[in-house]
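Colleague: I would be grateful for a guided reading of this model. May we proceed by question and answer?

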Amino acid sequence: MASKTSFQLASPFSPAGDQPKAIAELTEGLKRGDKFQTLLGITGSGKTRTIASVIENVGKPTLVMSHNKTLAAQLYREFSDFFPENCVEFFISYYDYYQPEAYIVSQDKYIEKDLSINDEIQRLRLRATSSLLSGRRDVIIVASVSCIYGIGSPSEYAKLIVQLKTGMVISRSKLLYDFVDLHYSRNDHDFKRSTFRVRGDTVDIIPAYSEHALRIEFWADEIEKLTIFNPDTGELLEDVDEFTIYPASHYVTSKSRQEETIRAIQEELSWRLDVLRDEEKFIEAQRLEQRTNFDIEMMKEIGYCPGVENYSRYLAGRKPGERPFCLMDYFPEDYLVVMDESHQSVPQIEAMYGGDRSRKMNLVEHGFRLPSALDNRPLTFAEWESILNQCIFVSATPADYELEKSEGVFVEQIIRPTGLMEPQVEIRPIKNQIDDLIDEIQKVIVKGERVLVLTLTKRMSEELSEYLKNLGIKAAYMHSELDALQRIEVLYRYRRGDFSVLVGINLLREGIDIPELSLVAILDADKEGFLRSETSLFQIAGRAARNAEGRVIMYADKMTRSITAVMTEMERRRKLQDEYNKEHGITPMTITKELKPLVDPNLISAQPIDLERDLYEEEPVEIITAAEDGIHYKPNPAMKEVVFEDKEKFLEYLTESMKTAARNLEFEEAARIRDQIEQIKKEDI
């Protein structure tokens, strides 16, 4: 077993290609004290292996951030394999579904918060923070960018930790009250995580972050024995001399802090009511008074209320406007941050604060929340930058921000350890692109390999996958309705060969590792824009770089600036890779990767994905009809119809909807609405 202060990397392969040079340069930069570095590593060059070696060399607790849950799950699996004797944890949003609280002013409509929490992911989140507070140095947390959202104060969290030791003197009733303060509940019949039960002089508890339970046996007021056991079978696993119980929630607070919180809320409520009444907003004042007093009564009675996070400023003892505590605050000061796919992750962090504040301002102005609710938020970009210690940006296509922060210097990793070269890129005409694509798909299927097809619109993805299926080709459409864990399962089934062709828009660009994928087809590649930019084309093409037979076909009638840049750079890389292979006598070989789920199968929904139902089923279509009294529009058959006076008003509505989708980073939806606008402009509705 490795010590709690060092990392022990386990890998059957030694660094090769450009990896040794990249490892040495990044390690030297960290030891020199460089705050920012950039690793420009092409797809399949082993960037994760390089970073793993750097972590082992510098021995710093590390936060690996990814811009989406699917990629985070893949990274979690890879780092767990590299460091089996160390502490590798997973920290992503624990919502399977989340509808935030909101108020739509134009419709005078209040939307209650609605959510579905994945209990297993919540357990992993709590285990991550518990590992950091345990004092271990050999900790790697793989997280999505949602980790910059506020969670409870680490100091308040640490205050409520319960340390148990054999021979310790504490009354049983005192211990039970301590457990309740940690948000554990007593349940003698349904024993599960975050609960405890009492049987005479024995107390059993299942920590919120653990799969095992702890049995505490008393002799009078002395802890006589501590035993870890399996809560499902009752099997005793081992006796221990000491055990630490961490809180069951990140929003915990001491009794004294709770009393201070309630006083502060009451003071703010009194001030805010005076303001609203002076502005003659009597309805808003009445609404705020009723809602806040209800929350206060709940907190007095049970120490908690729905939406308690909106009072996080007071619970954490923060000043107005002061940044919230987040996962990064649980790390020691000398920690390392690795921004994976930084060209996507960094802009996403920059956009999160604005969208959150805009929504909450409506709630505050109309009496649904106190102004202090605005301090329950993600970090601003400046705040995120300010708490970085040392950071490595990792991307095949780093943006200007990363290069500027690294002072224009980057570590390049172009030579792959496997000898694999950049995929061959072909340009073919758009005319008859579907017929040509089908011919290519048949060739790939015969070899037992996979095809990824990228379209521009959601509708085209749906129709193409259905068309392929009707031809007897096992195809699936990866749509946005699948939650993060379902997408992980889809990728697993794709690798396993349950279907050969995956069709999508831009869901699979960055970091998805599928060695069986040998053909990437990009339809309408010359439609310059977000989905066909230089960065996007590089990332899309990179999906075929883990297979020796990897090819990319771009269907285009003109050579755009982006297509030209991609082909020029990929040809430069192929030349360097070919020279290296010849010099070292390397024959490129497809990466061999064990087929196994990216995360624990228990994280996948209990409802298995039905490929026919969940991947092929068409979503409700939009309905637009013309009538004498204007344009009648239904986003889908289940929604209420909206009537517009004329075509211009309808186009204004769609344009605003497109901009809103873009601001929310819902680029597929924005592209779909854009296409609809163009179509309507050409037609007489």
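The exchange below moves from the whole chain to a sheet, a residue, a helix and the cavities.

Modeller: This is a predicted model, in which local features need pLDDT of at least 70 and side-chain atom pairs count only at pLDDT 80 or more, while totals for chains, interfaces and linings use all residues. Residues are numbered from 1 along each chain as its sequence is written, and side-chain values use heavy atoms, with hydrogens and water left out.

Colleague: What percentage of the 685 residues of the chain count as buried?

Modeller: The chain has 20 helices and 28 strands, taken as DSSP runs numbered from the N terminus (helices H or I, at least four residues; strands E, at least two). Buried means under 20% relative accessible area with a 1.4 Å probe and protein chains only. By that criterion, the buried share of the 685 residues is 53%.

Colleague: Which strands form the edges of the open sheet that includes β10 to β15?

Modeller: Strands pair if DSSP finds at least two bridges between them. Six strands form this open sheet with mixed pairing, in the order β10-β11-β12-β13-β14-β15. Those that pair on one side only are the edge strands, β10 (185-186) and β15 (236-240).

Colleague: Which residue in β11 stands opposite R186?

Modeller: β10 pairs with β11 (residues 195-199) in the parallel sense over two bridges. Opposite R186, in β11, stands F196.

Colleague: Is T195 buried or exposed?

Modeller: T195 belongs to strand β11. Contact means heavy atoms within 4.5 Å; beyond four places in sequence, T195 has contacts including Y184, D190, D204 and I206. Because its relative accessibility is 2%, T195 counts as buried.

Colleague: Why is helix α16 (residues 534-542) described as largely enclosed by the rest of the structure?

Modeller: The buried residues of α16 pack against α10 (342-365), β18 (390-395), β21 (450-454), β24 (517-522), β25 (551-555) and α17 (561-584). Among those buried are L537, F538 and I540. The helix is largely enclosed because the number of its nine residues that are buried is seven.

Colleague: What volume does the largest cavity have?

Modeller: On a 1 Å grid over the protein atoms alone, a cavity is a set of points where a 1.4 Å probe fits but cannot get out, and lining residues have an atom within 4 Å of a point. Grid points are joined across faces, edges and corners, and a volume is the space filled by probe spheres set on the points. There are five cavities of 30 Å³ or more, and the largest is lined by 14 residues, with G152, S153, S312, L315 and A316 nearest its centre. The volume of the largest cavity is about 90 Å³.

Terms used: Buried < 20%, exposed > 50% of the residue type's maximum accessible area, 1.4 Å probe, protein only. 1 Å grid on protein atoms, 1.4 Å probe; cavity = no way out; pocket = protein on both sides within 12 Å on 5 of 7 lines; lining within 4 Å.
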